[in-house]
Amino acid sequence: MPYPGEGRGPVGRRKRQNGRTSQLDPGLRRGTAKVGERCVLLFGVDRVRNDANTVRVNQLPTPRCPICGNANWHDRALPECTHCGLAVTDLAVDTGQLRTAIGDHLRHGAPKSGFRLSPLARRNAAWALGLVDGHPARPRRHAVTLGMIARASESTQIAALLTDLAPHFPRRIVLLDGSDAYATALAQAVPGAMVHAHPLDGDFAAQRNRVQALADGWVLQLDSDETPDAALLTALGWLTAAADRDGLWALGLPRRNLVDGVQSALWPDIQYRLTRAHVRFAGKVHERPVVPFEHTSLALAGAIEHHLDRARVLERSRVYEAMSAGAGRPGDESALLRPFSDAP
């Protein structure tokens, strides 16, 4: 569920802030424009609309954002990252040097040179650099609940994952698409985990909402083929504390898609999976939280790792398309099957 650029983020936002496109003309959110108008830069190309067709004008050598890694930029007076909102004076930039300059500005108040940060982009950049109020964030204890939805056939894999993550998540909730017998067997294999069973019935949002209803506080929702990386595990405490201070309810985490062990071009593939328990999801597939925009933020400190193989990528596209027209997302499939070095 990548958030900005294609209208796939939290439901309910109404105005554009921090480089994220709001609920305006649906065509604009998909990278089109009215006749004769220039559009945002999406997928590294400049597009204009002539008559009824959107055409590719020229390929642009756009860099990836030094804050979030996104390769798409809004075509504005200052090019602006469509994900985190970083604005730069020139796309022909050394991204490593720019990231260092942003860090110096946030830590020491060094002058801004070559970039601009809106208030929300500033928070995105700070958290990506492990900073809170200009100071290095310190690991702290947290009470985040780990929530998982899975098929009963994946019980062995889930048991191993729950055991591995037990030191980081004292409270773990699993909802199996299967019978009560499978749930009982998994609960016995993983003492301390709360395991329930309920048919998926072709509705991922409803299944996630059942997990949300069993939790309180913050919930990190994962699928059976996902794991939090070490950086995310370390950051959960300070991230959720900072989010509580800022009145946030849903945080968008990068997802690193590893296809046959190789990172794919689909990055940062933002997933709003770290939410307060009262938040509910919508969408039978590619579900997203129903949250007012002002209560959401990117959280770029660490990532979810998504483990797939080529066969699974092709299968999920077919299954998702059968569940909901358009949900197969051939563009996502193509990006998943390209290595990161070939992106965008």
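Helices, at least four residues long, and strands, at least two, are DSSP runs numbered from the N terminus. By that count, the protein before us, which is a predicted model, has nine helices and 21 strands.

Allow me to begin with the overall picture. The protein comprises 344 residues, and 52% of them count as buried. Its accessible surface comes to about 15,000 Å², with 52% of that area belonging to carbon and sulfur atoms. Among contacts with a separation of 6 or more, 63% are made by residues 24 or more positions apart.

I turn now to one element, helix H3, which spans residues 119-128. How many of its ten residues are buried? Eight are, and the helix is thus described as mostly covered. The buried set includes Arg123, Asn124 and Trp127, together with Leu120 and the alanines at 121, 125, 126 and 128. What do these buried residues pack against? Their partners are two helices, H2 (95-108) and H7 (230-245), and three strands, E7 (131-132), E14 (250-253) and E20 (296-298). Just after H3, glycine 130 adopts a positive phi of about 75°.

Finally, the cysteines. A disulfide is a covalent bond between the sulfur atoms of two cysteines. A search of the whole structure finds zero disulfides. Cysteine 81 is in none; the nearest cysteine sulfur, that of cysteine 68, lies 3.5 Å away, whereas a disulfide requires a pair within 2.5 Å. Cysteine 81 is buried, at a relative accessible area of 0%. Cysteine 84 is likewise in no disulfide, and its nearest cysteine sulfur, that of cysteine 65, is 3.5 Å away. Cysteine 84 also counts as buried, at 1% relative accessibility.

Conventions. Residues are numbered from 1 along each chain as its sequence is written. This is a predicted model: local features need pLDDT of at least 70, side-chain atom pairs count only at pLDDT 80 or more; totals for chains, interfaces and linings use all residues. Side-chain values use heavy atoms; hydrogens and water are left out. Buried means under 20% relative accessible area, exposed over 50%, partly exposed in between (1.4 Å probe, protein chains only). Contact means heavy atoms within 4.5 Å. Accessible areas come from the Shrake-Rupley method with a 1.4 Å probe; for residues, only the protein chains shown count as cover.
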